[in-house]
Amino acid sequence: MSDFLSNPWVKRTVSVFNLAYFAVISMLTFATFLYSIEFTQGKEVTFFVIYFIASILFMGLMIYSRREFCTKLVSVLLLPVTFALIMFNWGNWILIVPPFVVALVIFFASGVHETTKVVLGTIYLLLYVLGLVGFLVLRMLFGGSSVTTVLDQNLPDNEEVFNIYNDETQWNRLVDMTRDENLISPDGKYKLVLYDIQDNDKGRIKICVVPYGEDIELKFFTLKQKGIEKTISNKGTRGTIPEFGWEPDGKGGYRVYYVLSQGAQRKYATVNENNMPKKQYFEFLGIK
């Protein structure tokens, strides 16, 4: 067994196999740049266990083959990729912690020349310290202090916001307004989303339109399209569910109608591919 493990070709094979871990983390990073990740109910723990065990396993394989070229390559590339993963998924520690620990350990344990480690280590330290400070400053500048909550039938999970709409009339209205048949456009291209906005003022309700049917459903989570959102109205009164929905526009398409309060005039907004905003790729900075 000792002869087998010390065989240079075994180590080279393992080193090549380590590229799979780097590829998965890179794909996950790129995917969460384009989409937001939402874990399937009841599968978050299972995903974390598999993710954690796989990370520990590959860390062991990398340490074993630390002097081989492919492992040394992974050791110097994984830290900057993990930095991007941290920015795109800030606060989602399930995704961040395992690959970050692997990247940190293998960087110091790999067979890369010590001078190279010192140079790259200094660059990566500056990247993480200055990069994360800049990232957090930009989030504070663009994100503000408002708290946005999606208003739907899952609202009881958020007790603080739920209490604002816990009037029987308003809750029944919310349930009725947020049924799929009311939210999704008849052509299946768009979906209405209702937001509760808590800010330093009295707050408000916002009605938006997002693309529908562009999410990618996987076994443990769903990659949800993000960065494309058209605001229909942001003047609704917090605690009062407006009336809204879809109707034909008379030109072969559909438009959104909305009434913000009882007795108010019905208003309309045209929604089509020509007036939907382009994808905002820097939403992770808090830019809307």
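The following dialogue between a trainee and a mentor examines a predicted model.

Mentor: Because this model is predicted, local features need pLDDT of at least 70 and side-chain atom pairs count only at pLDDT 80 or more, while totals for chains, interfaces and linings use all residues. Residues are numbered from 1 along each chain as its sequence is written, and side-chain values use heavy atoms, with hydrogens and water left out.

Trainee: Which residues of helix 9 are buried?

Mentor: Helices (H or I, at least four residues) and strands (E, at least two) are DSSP runs, numbered from the N terminus. A residue is buried under 20% relative accessible area, exposed over 50%, and partly exposed in between, with a 1.4 Å probe and protein chains only. In helix 9, which spans residues 168–177, the buried residues are Q170, W171, L174, V175 and M177.

Trainee: Against which elements do the buried residues of helix 9 pack?

Mentor: Contact means heavy atoms within 4.5 Å. The partners of these buried residues are helix 8 (159–162), helix 10 (180–183), strand 3 (190–198) and strand 8 (243–248).

Trainee: Which backbone nitrogen does a side-chain oxygen of D167 reach at the start of helix 9?

Mentor: A polar contact is a pair of N or O atoms within 3.5 Å; within protein, one must be able to donate a hydrogen and the other to accept it, and residues adjacent in sequence count only if both atoms are side-chain atoms. The side-chain oxygen of D167 comes to within 3.0 Å of its partner, the backbone nitrogen of T169.

Trainee: Is N18 buried or exposed, and what is its relative accessible area?

Mentor: N18 is found in the loop between helix 2 (8–17) and helix 3 (19–34). Leaving aside neighbours within four places in sequence, N18 is in contact with F58, L61, M62, S65, T71 and V74. N18 counts as buried because its relative accessible area is 0%.

Trainee: With which side chain does N18 make a polar contact of 3.0 Å?

Mentor: S65 is among the residues in contact with N18. The polar contact of 3.0 Å joins the side chain of N18 to that of S65.

Trainee: Which residues does T149 touch beyond four places in sequence?

Mentor: T149 belongs to strand 2, residues 147–150. Its relative accessibility is 11%, so T149 counts as buried. Beyond four places in sequence, T149 touches L155, N158, V161, L194, Y195 and D196.

Trainee: How many salt bridges does the structure hold?

Mentor: Side chains of opposite charge can pair when their charged atoms come close. A salt bridge is a side-chain nitrogen of Lys or Arg within 4 Å of a carboxyl oxygen of Asp or Glu. The number of salt bridges in the structure is 10.

Trainee: How far apart are the closest N and O atoms of R179 and D176?

Mentor: R179 is partly exposed because its relative accessibility is 36%, and D176 is partly exposed because its value is 42%. In the salt bridge between R179 and D176, the closest N and O atoms are separated by 3.7 Å.

Trainee: Which residue forms a salt bridge with R266?

Mentor: The closest N and O atoms of this pair are 3.4 Å apart, and the partner of R266 is E247. The pair links distant parts of the chain, 19 residues apart: R266 lies in the loop between strand 9 (254–259) and strand 10 (267–270), and its partner in strand 8 is E247.

Trainee: Which residues are linked with R266 in a network of salt bridges?

Mentor: R266 is partly exposed because its relative accessibility is 33%, whereas E247 is buried because its relative accessible area is 17%. The residues linked with R266 in the network are E243, E247 and R255.

Trainee: What accessible area does the nonpolar patch that includes V137 and M140 have together?

Mentor: Patches are made of residues with over 30% relative accessible area and no salt bridge; like charges are joined within 9 Å, and nonpolar side chains (Val, Leu, Ile, Met, Phe, Trp, Tyr) within 5 Å. Accessible areas come from the Shrake-Rupley method with a 1.4 Å probe, and for residues only the protein chains shown count as cover. V137 lies in helix 7, residues 114–143, and M140 is also in helix 7. The patch, whose members include L125, V137 and M140, has a combined accessible area of about 980 Å².
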